Amino acid sequence: MSKNIVTETVSKDLSLQYTYKKKLYSKKSNFQKVEVVEGTYYGTMLFNDNVAMVSTRDEFVYHDMIAHVPLFLHPNPKKVLVIGGGDGGTAREVLRHSSVTLCDMVEIDEAVVEACKKYLPQTSSVLKNDKLNLYIEDGINFIKNCKQKKVLYDVILIDSTDPVGAASPLFNDDFYKNVYSCLSDNGIVVAQAESPFYYFDMQKKLCQIISNFFPITGVYNYANSTYYPGGAWSFILGSKTVHPIKDLDSCKIKNSNLKFDYYNAELHKASFALPEFQKQALSKFIKL
Ligand code: SAM
């Protein structure tokens, strides 16, 4: 009897296989196939078009690093925008910061939210938080409207899928021009920036785009033992004024009394130290 397996094709040379006990949800939306399974090792897992998005076993790694690096850096983050992130994990970490009074979350695919509300309470519980506004729409249009209405955020997090389909316009100049306009004076943007091993050309292109608009541009890495091919993954940070290492006040982290399973002050600073091949290839765009 064939085992229950989801096969993620990373490239023509690499596929990852995830075994599971039971399929809990499967729906073809207008954007992608959305599935949730009970994994044999990774806990409950969300897949979009057979690409692993979240696992209850170690989603804390990604969500700690996308949220707490910018939120402890910003002098007083009140208004945050999350584009993508339909599972809720990023917004959950954002709203742990007592200074945050509003988190807007813009997910294009209602099926992702529905699946996570039903089967991933670990990340979707945040959707009940009264500081959270959920919009089911294209982040591209949402940010354009924000620009027209002169809406400003302190931090914008791009928690998107890889640059295919609906996510591809999230990896271009026009989008980041609008993001820049929708950030307040000390604004910071952080974007899911793929892998230095498997999607390095995309990472270079995104780093160049963000550096075109932001005077301070950094890349930081983290290690995800499961579901990110190759384990090492990156975020790109664009900042109007705040330096991601020099301006980190470690006392803020300690005094926040927030507990983390991955993030800490030492790791925050160390994560911007890159392996030589990555540092050299991005040196034209990194401005720290
Ligand atoms: N942590 C995951 C990762 O690293 O790939 C991403 C989490 S979240 C599930 C990614 C979400 O981005 C998906 O649910 C997808 O529907 C959403 N998305 C893709 N393009 C979008 C767009 N243009 N506007 C809003 N959401 C979008």
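Student: By class, how many nonpolar, polar and charged residues does the shell around the ligand have?
Tutor: This is a predicted model: local features need pLDDT of at least 70, side-chain atom pairs count only at pLDDT 80 or more, and totals for chains, interfaces and linings use all residues. Residues are numbered from 1 along each chain as its sequence is written, and side-chain values use heavy atoms, leaving out hydrogens and water. Ala, Val, Leu, Ile, Met, Phe, Trp, Tyr, Cys and Pro count as nonpolar, Asp, Glu, Lys and Arg as charged, and the others, Gly among them, as polar. The shell has 9 nonpolar, 9 polar and 6 charged residues.

Student: Which residues come nearest to the ligand?
Tutor: A residue is near if one of its heavy atoms lies within 4 Å of the ligand. There are 24 residues around the ligand, and those that come nearest are Gln32, Glu107, Asp138, Gly139 and Tyr228.

Student: How far is a polar side-chain atom of glutamate 107 from an oxygen atom of the ligand?
Tutor: Polar contacts here pair N or O atoms within 3.5 Å. Aspartate 159 has a side-chain N or O atom 3.4 Å from a ligand nitrogen. For glutamate 107 and the ligand oxygen, the distance is 2.6 Å.

Student: How much of the ligand's accessible area does the protein cover?
Tutor: Alanine 167 has a backbone N or O atom 3.5 Å from a ligand nitrogen. On its own, the ligand has 590 Å² of accessible area (Shrake-Rupley method, 1.4 Å probe). The protein covers 99%.

Student: How far apart are the C-alpha centres of domain 1 and domain 2?
Tutor: The chain is divided into domain 1 (5–55) and domain 2 (59–282), with bounds from an automatic or database assignment. Each domain gives the ligand shell at least three residues. Their C-alpha centres are separated by 23 Å.

How values were computed:
Polar contact = N/O pair within 3.5 Å; in protein donor to acceptor, adjacent residues only side chain to side chain.
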